[in-house]
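User: Please take a close look at one part of this model, the nonpolar interior and the helix packing beside it. Add whatever is worth noting about the loops.

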Amino acid sequence: MATNFKSIPIIDISPLLAKWDDPNMAGDQGVGEVVQQLDQACREAGFFYVKGHGIPDSIIKEVRNLTHKFFSLPYEEKLKIKISPAAGYRGYQRIGENITKGTPDMHEAIDVRLPRLCFLVVMRLEFLCISGIQVPSTVSSCRPINPPNLKQLMEEYTSICTDLSRKIMRGIALALGAAADAFEGLLTLVNQDDDITALQVRNKSGEWISAPPIPGTFVCNIGDMLKILSNGLYGSTLHRVINSSPKYRVCVAYFYETNFDAAIEPLDICVKRTGGTKKFERAVYGEHLVSKVQTNFVKEDELNS
């Protein structure tokens, strides 16, 4: 659960990355320090920055640059891949099409599905706020064809972020006392424009704490499923995006999710650490997702009225 944190912690994960595939990584002092910081961040804020991640800054910036180019395309061009229920709520979202607590969000977005290994990856490229959905691999991916090199760059970026997320999750698994490969998914990496502060995270007292862009870092946050896995040791934290700048803001959010049909329940080790009683029922990720998605978008006729 969130505490009265006043800032978002910054964690240098380079020691974890150096040892991530070492069978004795749990005994390494440097890894242990990173794991301790991850544990504290997940307990107290549910958000943290990571640096020392090894992803070239040139790729991070190019992803944002091409995202800007996509949203600068003519409206008719973007509508070629417009979002729809038939596409699994993938594709381009017009301003006001996504809703939060019944209120239309003032942002454009595009959700893209890129399958990787046994799980699915979702990236959202957008102007103002971040979220994500995931659907079975039978659904159309709705990938943009313009700018011409955006698709190739996204695939490269997704592969890199998948690898990084897997390593961070190993650290979080160790923080919970589980095996290093106990689970995958349940993490978001946020790549935001470096000249606009808009992301805010709410602490226990209700204060909104800014998460300003820090060069060379990603903002990471954990979600509802990790709250269940940890039996409440970790919790997802309410956040919002308010862009007070006169400029458009781009955010590229990479979602490292578990399988659509994965059954999530508290880990035995976490149940023991929290008094021996399961605080959450077993949940199927896809069912949880669908229940959120079905109320997350304005209907076509309402948007055009």
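Analyst: Leu189 is a convenient starting point. Setting aside residues up to four places away in sequence, Leu189 touches Cys161, Leu164, Ser165, Ile168, Phe218, Val219, Cys220, Val252, Ala253 and Tyr254. The model is a predicted one, and every value here is computed from it.

Leu189 belongs to the largest nonpolar core, which has 60 residues. Leu189 is among those with the most contacts inside this core, together with Phe48, Ile168, Ile172, Leu187 and Tyr234. Helix H5 supplies the largest share of the core, 11 residues. Another core, of 17 residues, lies apart from it, and includes Phe5, Ala211, Val241 and Phe255.

Helix H5 (residues 150-175) also packs against helix H2 (residues 29-44): their axes come within 8 Å and cross at roughly 80 degrees. Because angles of 65 to 115 degrees count as roughly perpendicular, H2 is roughly perpendicular to H5. On the H2 side the contact is made by Val31, Val35, Leu38, Asp39 and Cys42. On the H5 side the residues are Ile168, Gly171, Ile172, Leu174 and Ala175. By character, the residues of this contact divide into 8 nonpolar, 1 polar and 1 charged. Ile168 and Ile172, which take part in the contact with H2, are also among the residues with the most contacts inside the largest core.

Two asparagines in loops deserve a separate look. Asn203 is in the loop between strand E9 (199-202) and strand E10 (208-210). Its relative accessibility is 4%, so Asn203 counts as buried. The side chain of Asn203 reaches two backbone atoms: the oxygen of Phe5 at 3.1 Å and the nitrogen of Ser205 at 3.1 Å. Leaving out residues up to four places away in sequence, Asn203 touches Thr3, Asn4, Phe5, Lys6 and Ile209. Phe5, whose backbone oxygen is reached by the side chain of Asn203, is itself one of the residues of the 17-residue core.

Asn231 is in the loop between helix H6 (224-229) and strand E12 (239-241). With a relative accessibility of 0%, Asn231 is buried, because the cut-off for that class is under 20%. The backbone of Asn231 has a positive phi of about 55 degrees, although the residue is not a glycine. Most residues other than glycine have a negative phi.

Conventions
Residues numbered from 1 in each chain as written. Predicted model: local features only at pLDDT ≥ 70, side-chain atom pairs only at ≥ 80, totals over all residues. Heavy atoms only, no water. Helix = DSSP H or I, 4+ residues; strand = E, 2+ residues; numbered from the N terminus. Buried < 20%, exposed > 50% of the residue type's maximum accessible area, 1.4 Å probe, protein only. Axes fitted to C-alpha atoms, helices over the stretch in contact; angles between N-to-C directions. Parallel < 35°, antiparallel > 145°, perpendicular 65-115°, else oblique. Contact = heavy atoms within 4.5 Å. Nonpolar A, V, L, I, M, F, W, Y, C, P; charged D, E, K, R; others polar. Polar contact = N/O pair within 3.5 Å; in protein donor to acceptor, adjacent residues only side chain to side chain. Core = buried A, V, L, I, M, F, W, Y, C linked by side-chain atoms within 4.5 Å.
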